[in-house]
Amino acid sequence: MTATATIRSETRPGEVPAPVAATAGGATVFSPLAALLKPRLSAAAVVLACEPLARRTTLKVGGPADVYVEPAGETDLAEVLRFCRDRAVPVRILGRGSNLLVRDGGVRGVVVCLAALAFAQVEVQGPLLRAGAGARLKQVAAEARRHALTGLEFLEGIPGSVGGALRMNAGAHQAWTFGVLERVRWMTPEGEAEEKPASAVPAEYRSCPAFRTNLALAAVFRGQPGDEAAIQARMEAFRRQRQETQPREASAGCIFKNPATIPAGRLIDELGLKGTRIGGAQVSTVHGNFIVNTGGATAAEVLELIEWVRVEARAKRAVELETEVEIVGEDSV
Ligand SMILES: Cc1cc2nc3c(=O)[nH]c(=O)nc-3n(C[C@H](O)[C@H](O)[C@H](O)COP(=O)(O)OP(=O)(O)OC[C@H]3O[C@@H](n4cnc5c(N)ncnc54)[C@H](O)[C@@H]3O)c2cc1C
């Protein structure tokens with residue numbers, strides 16, 4: 001039996017929909033919220049009740065979303081936002097889940113993911129590359145290379161989406177998302193689409209606060225004319241560097257932001273914490289700033305390990321470590 005069920009769209013206008021059931025761990029879960037939402041969206045939209053988020057994050061831990069929605073386009077997305085606002089239902093946006101730690105109790109309310117094709121287009125015009133928020137960063141880097149545009153190679157190995165990269169101001173190899181950003185298109189919590197020049201959207205190290213409330217729809221990046229073979233060589237060098245320095249197991253990338261005084265990975269290494277394990281969660285033996293899921297880890301175990309590292313850093317080096325990974329959801333259902 002599958003752990004989720006697609007909500008059927010048999011509800012007629014004016015009808016009170018029957019609660020829709022999904023099965024999770026043998027227990028039946030009813031979702032009147034999902035049943036009310038589904039008929040308001042286009043037929044191509046995906047609405048799932050009690051959807052396990054562990055399978056939608058790279059760390060592969062955590063509980064379910066009450067309701068998980070993939071809108072088919074901007075009209076659907078605006079409808080989801082208005083529906084939730086009118087009922088005071090919390091909304092959270094999920095990209096490719098590569099910077100998220102979902103607690104074991106899962107996420108209450110509606111989780112929206114821009115996985116539909118309408119949000120994943122990448123187009124190049126001259127030096128400008130326009131990408132939907134759901135596009136993979138790897139795809140953005142590959143398209144830039146195909147059009148001999150340099151400057152976007154650093155995105156190649158970051159396993160996120162354009163939306164997640166905008167929210168996190170993701171970066172690598174001395175480059176970062178807002179360094180190559182020209183314009184953004186976003187949707188306000190009221191469901192209005194707006195375009196802004198990058199200069200009007202303040203961003204900082206691993207954060208763009210504007211995306212705490214607004215949902216990224218698309219970005220326009222600026223590349224520089226370059227040589228395709230040289231771009232390819234740079235991307236391969238970056239890829240090799242990652243393969244040599246990062247673990248292969250499931251992770252959420254760097255767990256902590258780098259403190260001003262020392263890279264978090266080096267600090268954790270110097271504290272002798274590499275390999276420290278709680279249940280299925282382990283400080284990577286390859287890179288101290290990664291916590292890996294060695295198989296069957298729970299979010300509680302990962303959280304306990306994070307806390308252990310923070311306590312050690314504080315006690316032995318007086319360094320306050322701040323998480324880069326975003327911790328979301330509840331401890332229990
Ligand atoms: C192996 C590995 C290596 C990594 N290497 C790097 C690296 O080199 N550099 C780096 O910066 N990061 C790195 N990361 C972390 C991660 O890939 C980035 O932070 C990435 O930008 C997250 O994108 P995502 O789509 O997975 O977002 P998610 O993890 O799904 O979400 C992250 C945040 O973005 C928000 N969000 C997602 N989509 C939208 C949207 N459309 N509008 C508004 N908010 C949105 C979410 O609500 C959440 O707050 C790595 C992760 C892994 C697993």
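**Exercise 1. Classify C50 and R206 by burial and backbone angle.**

*Solution.* With 27 C-beta neighbours inside 10 Å, C50 counts as buried. The classes are defined as follows: a residue is buried if 20 or more other C-beta atoms lie within 10 Å of its own, exposed if 12 or fewer, and partly exposed in between, with C-beta atoms placed from the backbone. The model is a predicted one, in which local features need pLDDT of at least 70 and side-chain atom pairs count only at pLDDT 80 or more, while totals for chains, interfaces and linings use all residues. Residues are numbered from 1 along each chain as its sequence is written.

Next, locate the residue: C50 belongs to strand β4 (residues 46-52). Helices (H or I, at least four residues) and strands (E, at least two) are DSSP runs, numbered from the N terminus. The phi of C50 is positive, near 50 degrees, in a residue other than glycine.

R206 is treated in the same manner. R206 has 18 other C-beta atoms within 10 Å and is therefore partly exposed. Its place is the loop between β15 (193-197) and β16, and its phi, near 55 degrees, is again a positive value in a residue other than glycine.

**Exercise 2. Determine how the buried residues of helix α3 are arranged, and what they pack against.**

*Solution.* First, list the buried residues of α3 (residues 137-146): L137, V140, A141, A144 and R145. They lie on the same side of α3, because they cover an arc of only 135 degrees around the axis. This arc is that of the directions from the helix axis to the C-beta atoms. The general rule is that an α-helix has 3.6 residues a turn, so residues three or four places apart point the same way.

Second, identify the packing partners. The buried residues of α3 pack against β9 (122-125), β10 (128-132), β11 (149-150), α4 (162-168) and α5 (228-245). Contact here requires the C-beta atoms of two residues, placed from the backbone, to lie within 7 Å.

Third, inspect what comes after the helix: α3 is followed by A148, whose phi is positive, near 55 degrees.

**Exercise 3. Trace the pairing of β10 with its partner strands.**

*Solution.* Two strands pair if DSSP finds at least two bridges between them. Begin with β9, which pairs with β10 in the antiparallel sense over four bridges. These two strands form a hairpin with two residues between them, and G126 in the turn has a positive phi of about 60 degrees.

Continue with β16 (residues 215-222), which pairs with β10 over five bridges, also in the antiparallel sense. R130 of β10 links the two descriptions: E123 stands opposite R130, and R130 stands opposite V220 in β16.

**Exercise 4. Establish the strand order of the open sheet that contains β18, and name its edges.**

*Solution.* The sheet has four strands in the order β18-β21-β20-β19, with antiparallel pairing. The edges are β18 and β19 (277-278); each has a single partner strand, so one side of each is left without a neighbour in the sheet. At the β19 edge, two bridges join β19 to β20 (residues 281-283). There I278 has A281 in β20 as its bridge partner.

**Exercise 5. Describe the shell around the ligand.**

*Solution.* Count first: 32 residues surround the ligand, and the closest are G95, G160, G163, G164 and G253. A residue is near the ligand if its C-beta atom, placed from the backbone, lies within 6 Å of it. Elements giving two or more residues to this shell are β6 (91-94), α4, β12 (171-172), β16 and β18 (250-254). The largest share, five residues, comes from α4.

Then divide the shell by class: 15 residues are nonpolar, 13 polar and four charged. Ala, Val, Leu, Ile, Met, Phe, Trp, Tyr, Cys and Pro count as nonpolar, Asp, Glu, Lys and Arg as charged, and the others, Gly among them, as polar.

Finally, assign the shell to domains. At least three of its residues come from each of domain 1 (5-117) and domain 2 (120-229). Domain bounds come from an automatic or database domain assignment.

**Exercise 6. Characterise the surroundings of H173.**

*Solution.* H173 is located in the loop between β12 and β13 (175-176). With 15 other C-beta atoms within 10 Å, H173 is partly exposed. Leaving aside neighbours within four places in sequence, H173 is in contact with F154 and F238. H173 and E153 are 20 residues apart in sequence, and their C-alpha atoms are 9.3 Å apart in space.
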